[in-house]
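Visitor: I would like to go through a few backbone and ligand-site details with you, one question at a time.

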Amino acid sequence: MSNLLILTPEQKKFYDENGFLHLPGFYSEDEVRALRDEFHTMITETEGRPKNMSISFMKQAEGYEIDPFNPKNVSGMMDHVLASDFWFDHFAEPRIVSVLVDLMGPNIDFHNGKVRNKPPGFKCDQSWHQDFPYERHSKPELAAALTYLDETDFEAGATEIVPGSHLKGEWESFDGTRIKDENVEEGSWVVCKAQPGDVAIISVLVVHRAGHNYTNIARHAIINEYKTMETVDQWNNRCALAGLPLARNGKPLWEKIQNR
Ligand SMILES: O=C(O)CCC(=O)C(=O)O
């Protein structure tokens with residue numbers, strides 16, 4: 001009998017072997033509508049937000065239009081979880097926390113949350129990387145949950161992932177974080193083609209990169225990261241709500257604030 005809360009044994013095995021797990025349609029159509037509505041409000045009403053919710057805007061790329069869903073061309077936000085109860089519920093809600101319990105163990109804490117958009121013409125210069133050197137802990141027991149709000153295919157900035165790369169530990173980098181293209185074998189990666197409401201969980205050790213967006217439609221995603229209670233921060237994580245306990249002994253701790 002499986003002790004998993006929400007995932008199938010096959011999904012858990014896939015994650016253990018590949019270092020990521022794509023969960024198509026994790027959010028229902030109604031939930032995606034609510035996510036997109038709230039997201040639109042967050043990226044258009046950017047004034048008067050908490051000071052440590054930092055917001056980045058991308059200059060309109062030459063030859064590309066502005067997507068009316070993202071009229072200010074917001075490319076990123078750190079600590080969007082401070083924006084409203086809705087975004088607290090999004091990272092803390094039992095279903096997503098249950099996924100992390102199934103993948104990482106019974107005691108889960110929040111690590112940090114951000115918005116990661118790819119406006120039309122977005123070029124990713126971050127290259128192949130593992131998240132671990134950016135957020136070092138005593139053990140690599142962290143994972144990111146990417147919630148996609150748009151159809152995101154190869155030419156639209158899809159996330160690219162090297163399956164199984166987490167099993168080789170830390171890869172050599174040329175600047176402390178980024179991995180040279182030639183160290184990633186041609187054809188060894190997969191393109192995570194996503195639909196609105198899909199979630200991808202990626203291990204902190206899996207090699208991945210964000211693609212470029214060659215379309216006139218902006219691509220929007222939320223990236224919430226989680227850690228085990230047992231791994232200790234060595235990065236000096238000052239992100240909002242870092243370390244907040246989310247599950248203990250295999251039980252998610254928070255109900256939706258908005259249902260109360
Ligand atoms: O935006 C993406 O597709 C990937 C994000 C990423 O590489 C990261 O945040 O480390």
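Guide: One cut-off is needed beforehand: a residue counts as buried if 20 or more other C-beta atoms lie within 10 Å of its own, as exposed if 12 or fewer do, and as partly exposed in between. Please keep in mind that this is a predicted model.

Visitor: Is Asn73 buried or exposed?
Guide: Asn73 sits in the loop between strand 2 (55–57) and strand 3 (74–78), and its phi is positive, about 55 degrees, although the residue is not a glycine. Most residues other than glycine have a negative phi. Because Asn73 has 21 other C-beta atoms within 10 Å, it is buried.

Visitor: How many other C-beta atoms lie within 10 Å of Ser127, and which class of exposure follows?
Guide: Ser127 belongs to the loop between strand 4 (108–118) and strand 5 (128–129), and this residue, which is not a glycine, also has a positive phi, near 70 degrees. The count for Ser127 is 16 other C-beta atoms within 10 Å, so the residue is partly exposed.

Visitor: Which element gives the largest share of the shell around the ligand?
Guide: The residues around the ligand are Arg116, Asp131, Thr159, His208, Arg209, Ala210, Ala221 and Ile223. Two or more of these residues come from each of strand 11 (208–210) and strand 12 (219–228). The largest share, 3 residues, is given by strand 11.

Visitor: How many residues of the shell around the ligand are charged?
Guide: The shell, which includes Arg116 and Asp131, divides by residue type into 3 nonpolar and 2 polar residues, and the charged ones number 3.

Key
Residues are numbered from 1 along each chain as its sequence is written. This is a predicted model: local features need pLDDT of at least 70, side-chain atom pairs count only at pLDDT 80 or more; totals for chains, interfaces and linings use all residues. Helices (H or I, at least four residues) and strands (E, at least two) are DSSP runs, numbered from the N terminus. A residue is near a molecule or strand if its C-beta atom, placed from the backbone, lies within 6 Å of it. Ala, Val, Leu, Ile, Met, Phe, Trp, Tyr, Cys and Pro count as nonpolar, Asp, Glu, Lys and Arg as charged, and the others, Gly among them, as polar.
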